[in-house]
Amino acid sequence: MIDRETVDRIYAAANIVDIIGDYVTLKRKGVNYQACCPFHNEKTPSFVVSPSKGVYKCFGCGKGGNAVTFLMEHENITYPEALKMVAKRYGIEVREKELSEEEIRRNDDRESMFVLNGWAAEYFANYLHRETEGQSVGLAYFRQARGLTDATIRKFGLGFCPAKGDRMSKDALAAGYKKEFLLSTGLSLARERDGSLYDRFRDRVIFPVHNISGRVVAFGGRTLRTDKTVAKYQNSPESEIYSKKRELYGLYFAKRAIQQQDFAIMVEGYLDVISMHQAGIENVVASSGTSLTTEQIRLLGRFTKNITVIYDGDSAGIHASLRGIDMILKEGMNVRVVLLPEPEDPDSFARSHTASEVQAYIRDHERDFLEFKANLLLQDAEGDPIRKAALIGDMVQSIAQIPDPIQRSVYVKECARIMDIDENILISEVARKRLTTSGDREADEFLRRQAAQRQREAAQPEVEYVRKVEAGSGFEALEREIVKYLLKYGHCSFDFKEGRTMVACNVAEVVFDELGRDNIVFRNPVYAKIMETYRGQWERLGTGTEVPAHCFLNHIDPEVCNASVDILTSDDNYVPSQLWRRKEIHVESDAEMLAVGVPKAVTLYKSKVVEGMIKELQAKLGDESLPEEEQVALLQRLSGLNKVKVSIARKLQRLIL
């Protein structure tokens with residue numbers, strides 16, 4: 001366990017904008033930053049980062065938290081692991097108590113796999129640079145055959161796996177790494193005859209695959225043999241820490257450049273990425289030979305909406321690749337295409353040209369994807385009306401993927417011009433295709449918006465700073481409401497009318513006095529912890545002093561952090577309309593809202609507790625074997641509780657709750 005002092009130092013050092021900015025493109029909006037949420041697919045940014053509060057909140061999916069809980073959610077790691085990531089970023093030494101045997105046994109398998117992959121990456125790199133075989137075979141290949149500099153080789157962590165079939169596996173076991181993790185990461189394979197291990201990547205140059213945060217999740221190994229029976233590339237299998245459909249090779253090294261230039265270049269292989277980087281073009285990623293997936297596109301979409309795909313000059317797979325790029329259009333991305341001169345590929349082209357020449361070529365030769373596709377297919381269908389009809393269907397398929405109706409309309413016009421066809425025919429075909437693929441979702445959405453608009457117009461103008469709870473609200477909703485009043489307004493006072501007298505009341509005082517009088521404890525453990533933390537700070541600071549938000553936002557329990565962020569940001573999107581003020585429509589002040597809301601929330605909660613006690617007593621009275629004396633006692637208690645219930649009902653100006 002990490003000691004509290006270290007945790008506090010980590011939270012103090014963490015810059016939430018820098019940390020989240022490594023994963024999404026943040027754009028300043030006033031004092032905050034906005035982006036499209038990395039946790040769900042959206043086109044309109046609803047993900048907000050507040051540097052002053054040190055929190056993030058998505059008003060679309062509801063996720064929220066601080067820098068540490070963001071890493072937990074995004075990287076699917078534990079709280080201590082997230083703390084260590086932040087500590088490493090800011091050079092903070094993490095002191096931990098010695099783990100018990102039970103804690104060691106429960107140590108996360110994912111972390112063990114990450115640690116093993118980190119060791120293996122270092123092992124392969126050291127073998128490349130320090131061992132005779134690595135230098136004469138692997139290093140010579142990278143330097144001479146591929147023209148890579150030592151700086152580039154080290155930047156991407158390139159390495160070499162020994163030709164001896166089991167050397168790496170034996171060295172890993174000798175270093176203390178377990179057989180189960182060597183197998184689960186795919187670094188080793190087991191022989192059928194005796195279960196002994198041998199190296200998956202033996203006698204291959206190694207390309208480590210990093211995830212978006214820079215941890216090694218997999219490896220690619222390329223053979224240097226000319227034997228056609230040996231697979232050219234060998235890749236890590238799917239595992240707990242690696243899914244090839246969710247990773248883009250080079251994104252960790254490219255994400256900053258992609259953000260700065262607001263477009264990404266998509267190539268095919270490892271060396272295409274590496275050579276482009278060496279040439280000074282750093283906004284480059286690769287799908288590593290796999291078909292492009294929706295997950296990869298959305299991952300890239302966190303940093304830019306603009307993608308330029310580079311095809312080899314003599315690539316025979318362009319037609320097949322075109323279908324995959326339709327998925328990019330479907331995600332609302334802008335796609336452009338660059339065709340390199342034959343027989344170049346991105347690797348050779350980058351090695352034979354300077355950075356400025358590569359950039360100039362891309363700028364001068366990139367074409368809109370649909371224009372490129374139409375011209376390419378027209379060449380294939382030259383003079384053949386049947387093939388041209390099939391071409392129209394192919395183009396319609398691509399245009400129908402585009403979610404933006406204005407952009408679709410522009411492409412319909414352009415394609416009608418290129419293919420010399422009636423625009424109305426294309427419009428009709430696109431509409432028919434969208435109807436069969438997406439149903440009436442757009443119509444449903446339109447009707448939903450219209451209905452919501454009518455409801456807003458019919459409603460009375462009222463600003464609701466906090467969502468109001470009613471008599472039917474459950475324990476969870478009422479507890480959350482009370483916690484919200486404490487976190488946001490616990491230090492504030494309001495005037496409460498008691499008979500004919502106006503009494504000044506403090507929010508925290510009312511909450512703790514009312515609940516404490518009946519020894520009521522919250523059922524939700526997270527809300528109970530927030531109450532306990534607030535009470536401790538309130539008793540220390542005194543009534544009327546604001547309890548700092550960081551006591552909750554940086555709480556040692558991550559569930560408390562997330563709940564506090566959710567509560568503190570829950571009403572950030574509600575802003576009083578200036579139009580109402582100009583028309584002299586009354587806007588409820590904080591004091592007016594508290595005077596009604598706080599007593600009502602506490603009283604409703606007490607009523608809920610009383611109702612629960614009444615039901616419990618009624619259930620006991622239903623036991624026919626209960627002695628008469630106990631029945632009389634229970635009836636007396638039940639009578640008393642019913643009186644309390646009636647009293648609460650009158651207080652809320654209702655006959656029965």
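Is Arg 146 buried or exposed? In this predicted model, Arg 146 is buried, because its relative accessible area of 17% falls under the 20% cut-off. The residue lies in the loop that separates helix H7 (132-145) from helix H8 (150-155). Its side chain makes a polar contact of 2.4 Å with the side chain of Asp 347. Beyond residues up to four places away in sequence, Arg 146 touches Tyr 141, Leu 271 and Asp 347, together with two further arginines, Arg 222 and Arg 351.

Among these partners, Arg 222 falls within strand E10 (residues 216-223), and E10 is mostly covered, with eight of its eight residues buried. Strand E9 (residues 204-210) is likewise mostly covered, seven of its seven residues being buried. E9 and E10 pair in the antiparallel sense over seven bridges. Within this pairing, His 210 has Val 216 of E10 as its bridge partner, and Pro 208 stands opposite Phe 219 in E10. The two strands form a hairpin with five residues between them. In the turn of that hairpin, Gly 214 adopts a positive phi of about 100°.

Both strands of the hairpin have a further partner. Strand E6 (residues 159-161) is joined to E9 by three bridges and runs antiparallel to E9; here Phe 160 is matched with Val 205 in E9. E10, in turn, pairs with strand E11 (residues 233-235), again in the antiparallel sense and over three bridges. Gln 234 of E11 is the bridge partner of Gly 221. Strands of a sheet pair through backbone hydrogen bonds, in either a parallel or an antiparallel arrangement.

A mixed arrangement is found in an open sheet of five strands, ordered E13-E12-E14-E15-E16. Strand E13 (284-286) and strand E16 (367-368) stand at its edges; each has a single partner strand, so one side of each is left without a neighbour in the sheet. Strand E12 (residues 264-267) is joined to E13 by three bridges, and the two run parallel. In this pair, Ile 265 stands opposite Val 284 in E13. Helix H12 (residues 270-278) packs on the sheet and touches E12, E13 and strand E14 (306-311). The direction of H12 makes about 170° with that of E13.

Nonpolar side chains tend to be buried together in soluble globular proteins. In the present model, the largest nonpolar core has 78 residues. Those with the most contacts inside this core are Ile 20, Phe 47, Val 49, Leu 251, Leu 300 and Leu 426. A second, separate core comprises 57 residues and includes Phe 207, Val 216, Met 276 and Tyr 361. Val 216 thus appears both in this second core and as the bridge partner of His 210.

Helix H4 (residues 79-89) contributes several buried residues, namely Tyr 79, Glu 81, Ala 82, Leu 83, Val 86 and Ala 87. The elements covering them include helix H1 (4-13), helix H2 (16-21), helix H3 (67-75), helix H6 (109-130) and helix H26 (558-568). Just after H4, Gly 91 takes a positive phi of about 65°.

The cysteines were examined next. A search of the whole structure finds zero disulfides. For Cys 61, the closest cysteine sulfur is that of Cys 58, at 3.6 Å; this separation is too far for a bond, because a disulfide requires sulfur atoms within 2.5 Å. Cys 61 counts as partly exposed, with a relative accessibility of 34%, whereas Cys 415 counts as buried at 2%.

A second loop residue, His 491, lies between helix H22 (475-489) and strand E17 (493-498). Its relative accessibility is 22%, so His 491 counts as partly exposed. His 491 and Val 507 are 16 residues apart in sequence, and their C-alpha atoms are 6.5 Å apart in space. When neighbours within four places in sequence are left aside, His 491 is in contact with Asn 506, Tyr 534, Gly 544, Thr 545 and Glu 546.

Key:
Residues are numbered from 1 along each chain as its sequence is written. This is a predicted model: local features need pLDDT of at least 70, side-chain atom pairs count only at pLDDT 80 or more; totals for chains, interfaces and linings use all residues. Side-chain values use heavy atoms; hydrogens and water are left out. Buried means under 20% relative accessible area, exposed over 50%, partly exposed in between (1.4 Å probe, protein chains only). Helices (H or I, at least four residues) and strands (E, at least two) are DSSP runs, numbered from the N terminus. Two strands pair if DSSP finds at least two bridges between them. Contact means heavy atoms within 4.5 Å. Axes are lines fitted to C-alpha atoms, for helices over the stretch in contact, and angles run from 0 to 180 degrees between N-to-C directions. A nonpolar core is a set of buried Ala, Val, Leu, Ile, Met, Phe, Trp, Tyr and Cys residues joined through side-chain atoms within 4.5 Å. A polar contact is a pair of N or O atoms within 3.5 Å; within protein, one must be able to donate a hydrogen and the other to accept it, and residues adjacent in sequence count only if both atoms are side-chain atoms.
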